[in-house]
Amino acid sequence: MICLSRCIRANFWLQLCFCFICMCGSFGEVRYSVPEELQRSSVIGNVARDLGIDVTELVRRNARVVAEGSRQFCELNAETGFLLVSERMDREELCAQSAPCVLQFQLLLENPLKVYSLLLDIQDINDNSPAFDNGQIELELLESTVLGRRFPLESAHDPDIGANSVQHYQLSENEYFALEMNTQVDHNAYPELVLKKPLDRENQADHFLTLSGVDGGRPFRSGTASIHIHVLDANDNVPVFARSVYKVRVQENSARGTVLVKLNATDLDSGIYGEISYSFSHVPDKTRGVVKIDHMTGEVKVMGDLDYEEASSHELDVQAKDGGGQSSHCKLIIDVIDVNDNAPVIAIKSTSATVLEDASPGTMVALLHVYDLDTGTSGRVTCEISDDVPFKLVAEVKNYFMLVINGVLDREQCPHYNITVIAVDAGTPRLFSSKTVAITVTDINDNPPIFRHSDYSIKFTENQPQQTPVIKVRADDADEGQNARIMYSLSEDATSHLSINAETGEIFTLLPFDYEISTHFHVQVMARDEGRPSFTSTCTVQIFIADQNDNAPVVLYPVQFDGYLAHDIVPRAAPAGYLVTKVVAVDADAGHNAWLSYRIVKATHPNLFSIGLHCGEIRTLRPFAEDDEIKQILIVSVRDNGFESLSATATVNIMIEDSLPVIDELFARGTDESLGHSDLTLYLIMALAGMSSLFLVLIIAMVYMRLCRYRYMYRSTTNLPVFPPTYGPPGYSDVSRFNTLQTDDRYTSFLTTGSWKGDFRFGSDFVDLDMLNKRATSLHVGGCSATRAKLLVPHKL
């Protein structure tokens, strides 16, 4: 029956709650009224429906219910929107004798953060029975007690309130006593035992009665106390208090031992019947251990902590009892005066540990609940933060402050914020408290990679093996994580001969570099971060190839071809210093590596010929003697000037002709004018002889060339010999223009005059080859064709 009754009452309260919700929901605050002692998981109400929130929003926005205190009495089922009981709610434990018992909660929704206020009105149910502090009441009455005499009895106490508290008292049937109610000045009723029939100790010395306190619940509850009355002789005066109600005011946190009041009761009797002792007849739980009374003097002193926030007032029933057992009662009311002894409390209800650096101003990052347990002015709280942070506090709900962005966030400037919130009350003295909110600014890709140098320049030696490191470029990105991860790449024109490590920026060779092919590389390197969207930057790498001595000299003249060597003819009458021939060699390297030197390493006669160290001209050291062999063979070494020099050898065949005259055009010009006519005649004769000899030689040469056409190469227009391509390796080039051979060089031929006094002359674009050929035709030395004395020297076309 009791369970059925509770269910009926619960349904009644739920219906009443629903009606109240309909009235309050439009104000952004929902108030529910529920009975205490509901089972766990009992439904309080549908928050989503009452606040007009879509149920799917509750899960997506991480909806939850938070309480202002340390205990969480209800929880939210985010999938259904129902508010459920999560913990036993005892109204008497929560609110004691206070009639309105309201718990406040907040419904938090994130992304964006929204706060709703939930009020839970806890209604009392009749779950407590009346009880007497002393289950055994002892009274001593004189047999001479007059009829109608009243004896105050202990009141029963019921933690419930309203109709569920004690409503009336009942006394067991007897013929001597009746029960009546009396009301104090504070309108509190208490029972009194009234004597209806004279007592006769000799007839009945003890009376046993039962006092019952009954509440007004449905069903009702009751509590009993036994009354034992001892009938005594002649003590016909009771102690009398000076006042029926004592009221005192005391500040909270008063020192222990402070005297609050001294109670005073008098008894007209004398002796043992006039001795009075004081005691508390009932001490509530909130007052127990806080105050005590001196049994002899009636002084009430502070013994514990008086805390206004725990209890703003204390009501005590004081009993004065004489030695004869007669007693009387008074009420002691202690009002506690609030002082500013509580610092504000800052509770972080919700916080976003991280926030994007591009978050817009006004975005909430934390919700703070700030309150003060003091009342009045001491309970008014203001909050503030420092001005040097891009945040501010906004208060839209009472006791709640939102920490929102109030500026531009830049993770690269400040990645972390420790925001100190200071709460100060308005009491005297002012108390404050602080709380630090840690905010981490998360990165977005808003910074491009930056190379440490916009241009890199390096000198790199040729012929390095494949995968040789060339240079390492480095770019930095002010972002972090994936946004700062940089990948490097080369321009397309560089991928054929270079590679790059995409993660480290180190550049390697794909093929060995050849200085003779290219002396300089211009490479573009791009750095790209991996953010979304990604950013890029570029730098330029200049690679200058350094020459190595990797090419040996190549002899262009005299032609060394299949073991056959052409003969250079020199007249036996040639004087000392006569230019016999010239060894022409080239080196594809550059600089010192292409600086050639010539030496005769072997000769038929060691002291007969000399060679220019750097020009390669072979000259006679002395006039020829009669016993000198006609055929002279010289082995010439051509060596470059590299660190590890390379060399080549050339074999020079020299034929000494006895009948070949010495031709010296310059010498002829320098002779005395007086001999001019005789010299001119001599030259005419020699020219005629030369022409005849040359004609004969040309005929013989034509026959000879037909026989040897597969072994020699000639120019078709001038019938002059050219150097075979094997002696000028294709691909020789030098961008620096310092080497001795160019791919676009051509060679032209001409005769020298005054061979023992002058050097070979270089041709040019305007050289008249026909004139040279005619001049060569006019010369004939010892029947040897002048074409045999022609030398090939390069000139630029």
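In this predicted model, the side chain of Ser597 makes a polar contact with the side chain of Arg599, at 3.3 Å. Ser597 belongs to strand E47, which spans residues 597-603, and the points below start from this residue before turning to two open sheets and to the nonpolar cores.

**Surroundings of Ser597**
- Ser597 has a relative accessible area of 11%, and because buried means under 20%, this residue counts as buried.
- Leaving aside residues up to four places away in sequence, Ser597 touches Leu613, His614, Ser637, Val638 and Arg639.

**The three-stranded sheet**
- Strands E45, E49 and E48 form an open sheet in the order E45-E49-E48, and their pairing is antiparallel.
- The edges are taken by strand E45 (579-582) and strand E48 (609-611), each of which has a single partner strand, so one side of each is left without a neighbour in the sheet.
- From one strand to the next, the twist of this sheet averages 25°.
- Strand E49 (residues 617-620) pairs with E48 in the antiparallel sense over three bridges, and Phe609 stands opposite Thr620 in E49.

**The four-stranded sheet**
- A further open sheet consists of four strands in the order E16-E23-E22-E19, and here the pairing is mixed.
- Strand E16 (245-251) and strand E19 (276-282) stand at its edges, and since each has a single partner strand, one side of each lacks a neighbour in the sheet.
- The twist in this four-stranded sheet averages 30° from one strand to the next.
- E16 pairs with strand E23 (residues 327-337) in the parallel sense over seven bridges, and Tyr246 stands opposite Leu332 in E23.

**Nonpolar cores**
- The largest nonpolar core holds 30 residues, of which Ile44, Val65, Leu83, Met89, Phe105, Leu107 and Leu120 touch the most other members.
- Two or more residues of this core come from each of strand E1 (29-35), helix H2 (47-51), strand E3 (64-67), strand E4 (74-77), strand E5 (82-85), strand E6 (102-109) and strand E7 (114-123).
- Leu83, one of the core residues just named, touches Tyr32, Ser42, Val43, Ile44, Gly45, Val47, Val65, Cys74, Glu75 and Leu118 when residues up to four places away in sequence are not counted.
- Another core, of 26 residues, lies apart from this one and includes Phe451, Tyr456, Ile507 and Ile543.
- In soluble globular proteins, nonpolar side chains tend to be buried together.

How values were computed:
Residues numbered from 1 in each chain as written. Predicted model: local features only at pLDDT ≥ 70, side-chain atom pairs only at ≥ 80, totals over all residues. Heavy atoms only, no water. Pairing = 2+ DSSP bridges. Axes fitted to C-alpha atoms, helices over the stretch in contact; angles between N-to-C directions. Core = buried A, V, L, I, M, F, W, Y, C linked by side-chain atoms within 4.5 Å. Buried < 20%, exposed > 50% of the residue type's maximum accessible area, 1.4 Å probe, protein only. Contact = heavy atoms within 4.5 Å. Polar contact = N/O pair within 3.5 Å; in protein donor to acceptor, adjacent residues only side chain to side chain.
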